[in-house]
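Hi,

Here is the structure I promised to pass on. Have a look first, and then read my notes below.

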Amino acid sequence: MVGWTLALAMTALPAATAATPPTAPLPALSPADQQRADKLAHGLRCLVCQNQTLADSNAPLAHDMRDLIHAQLAEGRSDAQIMRFFEDRYGDFVRYDPPFKPITWLLWIGPFALMALGFWVLVRTLKRRAVARAPLTADERARAARFLDTGS
């Protein structure tokens with residue numbers, strides 16, 4: 001009984017570990033469409049790596065997304081339609097350069113606003129330091145002299 005189970009498991013093992021059959025090859029693209037595919041792949045973010053474009057990533061999801069771009073270009077879709085497809089599917093985050101709209105204003109304007117605020121604080125602090133102080137009175141000079149002479 002154990003022998004049969006072992007034999008059955010051994011024959012099923014290659015079938016279970018076999019690679020999935022390759023999908024149908026994608027149609028060849030013209031050189032212009034290939035350039036468009038590269039441009040689109042550089043404009044989309046890899047959702048696995050997050051700091052790489054689809055063109056730079058080796059993740060399986062990035063490969064699948066590049067295949068989707070290729071297939072849609074072969075179907076005759078425009079760049080805007082392809083970008084819209086990925087935005088609808090994954091949100092604005094999929095774009096490597098997020099669009100400028102109300103929900104992303106802080107992302108685009110925030111660094112400049114913080115830099116302007118820091119510059120304003122710096123200028124204000126420097127102006128306050130530049131204000132001349134009133135000279136010491138005779139009593140304050142005498143007290144300072146006594147302090148310096150005695151050390152206490």
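**What I found**

Helix H6 has hardly any cover: among its 13 residues, the count of buried ones is 0. Keep in mind that this is a predicted model. H6 runs over residues 138-150, and its end C-alpha atoms sit 18 Å apart. That agrees with expectation, because 13 residues at 1.5 Å a residue should span 18 Å.

Stepping back to the whole protein, you'll find 6 helices and 0 strands. Following the sequence, the pattern reads α-α-α-α-α-α. Of the 152 residues, 18% count as buried. The protein exposes about 12000 Å², with 65% of that supplied by carbon and sulfur atoms. As for how the chain comes together, take the contacts between residues at least 6 apart in sequence: 48% of them join residues at least 24 apart.

One residue to look up is Met65, which you'll find in helix H3 (residues 60-74). Is Met65 buried or exposed? Its relative accessibility is 1%, and buried means under 20%, so Met65 counts as buried.

What does Met65 touch, leaving aside its neighbours within four places in sequence? Its contacts there are Arg45, Leu47, Leu54, Phe86, Tyr90 and Val94. Ala41 is another residue to compare with Met65: the two are 24 residues apart along the chain, and 8.4 Å separates their C-alpha atoms.

So there are two places to start: H6, with a buried count of 0, and Met65, which is buried at 1% relative accessibility.

Cheers

How values were computed. Residues are numbered from 1 along each chain as its sequence is written. This is a predicted model: local features need pLDDT of at least 70, side-chain atom pairs count only at pLDDT 80 or more; totals for chains, interfaces and linings use all residues. Side-chain values use heavy atoms; hydrogens and water are left out. Helices (H or I, at least four residues) and strands (E, at least two) are DSSP runs, numbered from the N terminus. Buried means under 20% relative accessible area, exposed over 50%, partly exposed in between (1.4 Å probe, protein chains only). Contact means heavy atoms within 4.5 Å. Accessible areas come from the Shrake-Rupley method with a 1.4 Å probe; for residues, only the protein chains shown count as cover. The expected span of a helix is 1.5 Å times one less than its number of residues.
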